[in-house]
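The following exercises concern a predicted model. Please examine the sequence and the structure before reading each solution.

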Amino acid sequence: MTRRDRITGPEGMRLYYVVGAMLHFDQSVFTHMLGMGNTIAVPTPIFLIDHPEGKVLFETGVHRDVVSDAVGHWGEHVLHGQTYVRGRDWAPQLTADNLVENQLAALGIQPEDIRYVIQSVLIPDHAGGVRAFPKSTIIVQYRELQDAWNPPTFMPYHYDQNELSEIRDYNFRRLYDEDYDVFGDGSVQVLFSPAHSRGEQALVVRLPNTGTVIMPAGVIPQKANWDHGVTTGTPCVDPALCEASMRRLMRIAELEDGMVMFHHDAEHWKTYRMAPEYYD
């Protein structure tokens, strides 16, 4: 496949990136069995795609109450006899400026200007900011909504029910284990990619000048997954299905000479343009 054969987005289309927060995890959360015992800080990204037919957000960062009281907001849970305190264990680093609505305001954009919000998953580090977009269409897999509203027994605390209760009546466009071409021109494509959750989805954006950009979310959270050929350390699907999701995204990057923006790789993000800079 040559570059002239590829789909590219319309002129004027732009992609922006900002950091919603820095959170702390064990390295093995991202790279299966690699780096266990090593705590690292990782970004929670928020992407803005400015398309002539509407503005799109991919991911919305953490909930606004995390700024003032992360431990109190997320509470504590007992799992397998161990007390799990997300606000303490994740040790979030952010200020009010990092909240999605304030990041947008810095670019001269209001929440009501966002036509679509796409969520890879509805887990708190990815989707806490959805509550700021009651007038937008939220694009999410139906399977993800099912698990979020009624968590399966093997993932009882992946989702935060207090946060989800705020968005239960929002306008969801439900996808049924399927891909979705947002504008019908191939420039913003949602890909059903079960891995980190059963309803996970990744995003591929095709810009007029930069070309293809792959945002693999938790499917390929770090460049180390790519380099070592290992899946995420916290899959919630059959390992073969998780591997297939990862390989599919890698194949798109290979075929389209695409740039991969790894969600949770602090070192890799230093090489990328941050808003107000953009890719076009």
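**Exercise 1. Helix H1**

Task: Determine which residue follows H1 and what the sign of its phi is. Then establish which residues of H1 are buried and what they pack against.

Solution.
- Step 1. Gly75 comes directly after H1, and its phi is positive, near 70°.
- Step 2. Helix H1 covers residues 66-74, and its buried residues are Val66, Ala70, His73 and Trp74. Here, buried means a relative accessible area under 20%.
- Step 3. When H1 is viewed down its axis, these buried residues fall within an arc of 105°, so they line one face of the helix.
- Step 4. The packing partners of the buried residues of H1 are strand S4 (76-79), H2, H4 and helix H6 (161-165).

**Exercise 2. The largest pocket**

Task: State the volume of the largest pocket and describe its lining by position, element and class.

Solution.
- Step 1. The volume of the largest pocket is about 820 Å³.
- Step 2. The pocket is lined by 31 residues, of which Val29, Tyr84, Trp90, His158 and Thr234 are the closest to its centre.
- Step 3. Two or more lining residues come from each of strand S1 (14-26), strand S5 (82-85), helix H2 (86-89) and helix H4 (124-127).
- Step 4. Sorted by class, the lining of this pocket holds 12 nonpolar, 14 polar and 5 charged residues.

**Exercise 3. Two cavities**

Task: Find how many cavities of 30 Å³ or more the whole structure contains. Describe the linings of the largest cavity and the second largest cavity.

Solution.
- Step 1. A search of the whole structure yields 3 cavities of 30 Å³ or more.
- Step 2. The largest cavity holds about 70 Å³ of space. Its lining consists of His63, Leu122, Pro124, Ala127, Gly128, Arg131, Asp160, Glu163, Leu164 and Ile167.
- Step 3. The elements that contribute two or more residues to this lining are H4 and H6. By class, the lining of the largest cavity has 5 nonpolar, 2 polar and 3 charged residues.
- Step 4. The second largest cavity holds about 50 Å³ of space. Around this second cavity lie Tyr16, Tyr17, Val18, Ile46, Leu48, Leu57, Val100, Gln103, Leu104 and Leu107.
- Step 5. At least two lining residues of the second largest cavity are supplied by each of S1, strand S2 (39-51) and helix H3 (100-106). This lining has 9 nonpolar residues, 1 polar residue and no charged residues.

**Exercise 4. Backbone angles**

Task: Locate Met33 and Asp257, and decide whether Met33 is buried or exposed and whether Asp257 is buried or exposed. Then state the form of the peptide bond from Ala275 to Pro276.

Solution.
- Step 1. Begin with the general expectation: most residues other than glycine have a negative phi, and most peptide bonds are trans.
- Step 2. Met33 is a residue other than glycine with a positive phi, near 70°. Met33 is situated in the loop between S1 and S2.
- Step 3. The relative accessible area of Met33 is 57%, so Met33 is exposed, the cut-off being over 50%.
- Step 4. Asp257, which is not a glycine either, has a positive phi of about 50°. The loop between helix H8 (239-255) and strand S13 (259-260) contains Asp257.
- Step 5. Asp257 has a relative accessible area of 54% and is therefore exposed.
- Step 6. The peptide bond from Ala275 to Pro276 is cis, with omega near 15°. Pro276 belongs to the segment after helix H9 (266-269).

Note on methods: Residues numbered from 1 in each chain as written. Predicted model: local features only at pLDDT ≥ 70, side-chain atom pairs only at ≥ 80, totals over all residues. Heavy atoms only, no water. 1 Å grid on protein atoms, 1.4 Å probe; cavity = no way out; pocket = protein on both sides within 12 Å on 5 of 7 lines; lining within 4 Å. Points joined across faces, edges and corners; volume = space filled by probe spheres on them. Helix = DSSP H or I, 4+ residues; strand = E, 2+ residues; numbered from the N terminus. Nonpolar A, V, L, I, M, F, W, Y, C, P; charged D, E, K, R; others polar. Buried < 20%, exposed > 50% of the residue type's maximum accessible area, 1.4 Å probe, protein only. Arc of directions from axis to C-beta. Contact = heavy atoms within 4.5 Å.
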